[in-house]
Protein chains: 2
Amino acid sequence: MSARDQLTAAMAELLWERGYAATSPRDVMARAGVGQGSMYHHFGGKHDLAVEAFSAVAEEMAAASSPLDGDGSPLERMKRYLAIPRAGTRGCRVGRMTQDPQVVADPELLAVVAGAFDAMLARWERAIAEAVTAGELPASTVPADLARTLSAVLQGGYVLARAKGSQEPMDAAVRGALSLLDAAHAAARTSDPPD
Amino acid sequence: MSARDQLTAAMAELLWERGYAATSPRDVMARAGVGQGSMYHHFGGKHDLAVEAFSAVAEEMAAASSPLDGDGSPLERMKRYLAIPRAGTRGCRVGRMTQDPQVVADPELLAVVAGAFDAMLARWERAIAEAVTAGELPASTVPADLARTLSAVLQGGYVLARAKGSQEPMDAAVRGALSLLDAAHAAARTSDPPD
DNA sequence: GTCTATATGTGGATAGAC
DNA sequence: GTCTATCCACATATAGAC
């Protein structure tokens, strides 16, 4: 593994553990096991290194929402994706960035964050629209709205889990969302039969 | 206004704008318009000042959930509370703290954050339980779960809004949640008549 | 390419005058 | 009580040797 790769890997880890502002070039070099010269040879500085390291993380996260595009009924895919285990107290690697003032003030970093969310929300919207077409959700459902609601449940779940230092609030938030989706499913069958 | 009050007010503002780690004693003193001596006379340091300033903020936030205890039908109270305007791009003054590594690592500060959420979640749970009793929500509803789901929608709404630098995702997330609650309400009437 | 040495600013706090 | 002066450590980056 090249020094360059060691640096991006170390930066990605530290961005998750400590956030952008709280991560110093020193920390990164120490974890990567390289000297200062290497870092400033390969990157313009902390900012450049963070952009490159975090872009990879963001793509990875966006790809992680692919189960929403998978096989099976749309509603089942949505519920399965919600139920994927998530370590709440560690926080979301992407969502956490939005609370870092230095990230939000940095157009380049913020664009990477926004892009990752856009990709995920697009997948949500497609799955939801398909569920409506299939009669699994009420015809009155607004895919763009529900996509943001369900994405927010996950992001908020991380916040609640970290506030309590416990996994439980995250799991509870997901259970509640699944229950609401079941209710919406029941409402769709009652008032709006698909066939 | 005493120097002490100026300091706590300035710290509360800066905690919101920049977070804990990114706020230096210098910043606080400059905004408060006092010298360094004043700060170290009244407080042991940045930490002590932050605890005192943030405790006031947390109490204020917890009190802001009182509409959940108000008059009217429980479900109506829940919907009204969700629909209260929230400036998404500014983030939640309490929730934002959970993404700050220095806050989570500080038991005293984290306890203040956790306490604020506990108070809010307790109000949610009460209102939800009342809605179930009144037959406005399905009997199968788990108040503790749904409370965390709806609280997460709001917290996640802030995250999405900041990621996009726009109010819209927050409003969309709330609309989607209201729509799900309507579906749950419809399901309760269909399968579980209150009288 | 990678290293060590060095420079400049700031974070957080203490000392002690007024 | 409030101020200014000062201190040490660290963040971030540059210079230049190997």
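User: What distance separates a polar side-chain atom of S38(A) from a sugar or linking oxygen of DNA strand C?
Analyst: This is a predicted model, in which local features need pLDDT of at least 70, side-chain atom pairs count only at pLDDT 80 or more, and totals for chains, interfaces and linings use all residues. Residues are numbered from 1 along each chain as its sequence is written, chains are lettered from A and ligands numbered from 1 in the order written, and side-chain values use heavy atoms, leaving out hydrogens and water. A polar contact is a pair of N or O atoms within 3.5 Å; within protein, one must be able to donate a hydrogen and the other to accept it, and residues adjacent in sequence count only if both atoms are side-chain atoms. For S38(A) and DNA strand C, the distance is 3.1 Å.

User: Which residue of chain A places a polar side-chain atom 2.7 Å from a phosphate oxygen of DNA strand C?
Analyst: There is a phosphate contact from chain B too: an N or O atom in the side chain of Y40(B) is 3.3 Å from a phosphate oxygen of that strand. At 2.7 Å, the chain A residue you want is H42(A).

User: Which helix gives the most to the surface near DNA strand C?
Analyst: Near means that a heavy atom of the residue lies within 4 Å of the strand, and 16 residues surround DNA strand C. Helices here are DSSP runs (H or I, at least four residues; strands are E, at least two), numbered from the N terminus. At least two residues each come from α3 of chain A and from α2 (25-32) and α3 of chain B. With five residues, the top contributor is α3(A).

User: What does Q36(A) contact on DNA strand D, a base or a phosphate?
Analyst: Let's set Q36(A) beside two other contacts. The side chain of Y40(A) has an N or O atom 3.2 Å from a phosphate oxygen of DNA strand D, and a backbone N or O atom of G35(B) lies 2.4 Å from a phosphate oxygen of this strand. The side chain of Q36(A), in turn, has an N or O atom 2.7 Å from a nitrogen of a base.

User: How many residues does α3(B) give to the surface near DNA strand D?
Analyst: The elements giving two or more residues there are α2 (25-32) and α3 (36-42) of chain A, plus α3 (36-42) of chain B. Of these, α3(B) gives the most, and its count is five.

User: Where in chain A does UniProt place a "DNA-binding region"?
Analyst: The record is an unreviewed entry, and such annotations may be inferred rather than shown by experiment; positions follow the numbering used here and feature names are shortened. In the model, this stretch is 75% helix and 0% strand, with end C-alpha atoms 14 Å apart. UniProt gives residues 24-43.

User: Which class describes the aromatic pair of Y81(A) and W124(A): stacked, tilted or edge-to-face?
Analyst: Rings of Phe, Tyr and Trp (its six-membered ring) pair if their centres lie within 6.5 Å; planes under 30 degrees apart are stacked, over 60 edge-to-face, the rest tilted. Y81(A) lies in α5 (residues 74-83) and W124(A) in α7 (residues 107-133), so the pair ties together parts 43 residues apart in sequence. With centres 5.5 Å apart and planes at 70°, the pair is edge-to-face.

User: Is W124(A) buried or exposed?
Analyst: Buried means under 20% relative accessible area, exposed over 50%, and partly exposed in between (1.4 Å probe, protein chains only). Its partner Y81(A) is at 5% and counts as buried. W124(A), at 0%, is buried.

User: How many disulfides does the structure hold?
Analyst: A disulfide is a pair of cysteine sulfur atoms within 2.5 Å. The sulfur of C92(B) is 17 Å from the closest cysteine sulfur, that of C92(A), which is too far for a bond. Over all chains, the count is zero.
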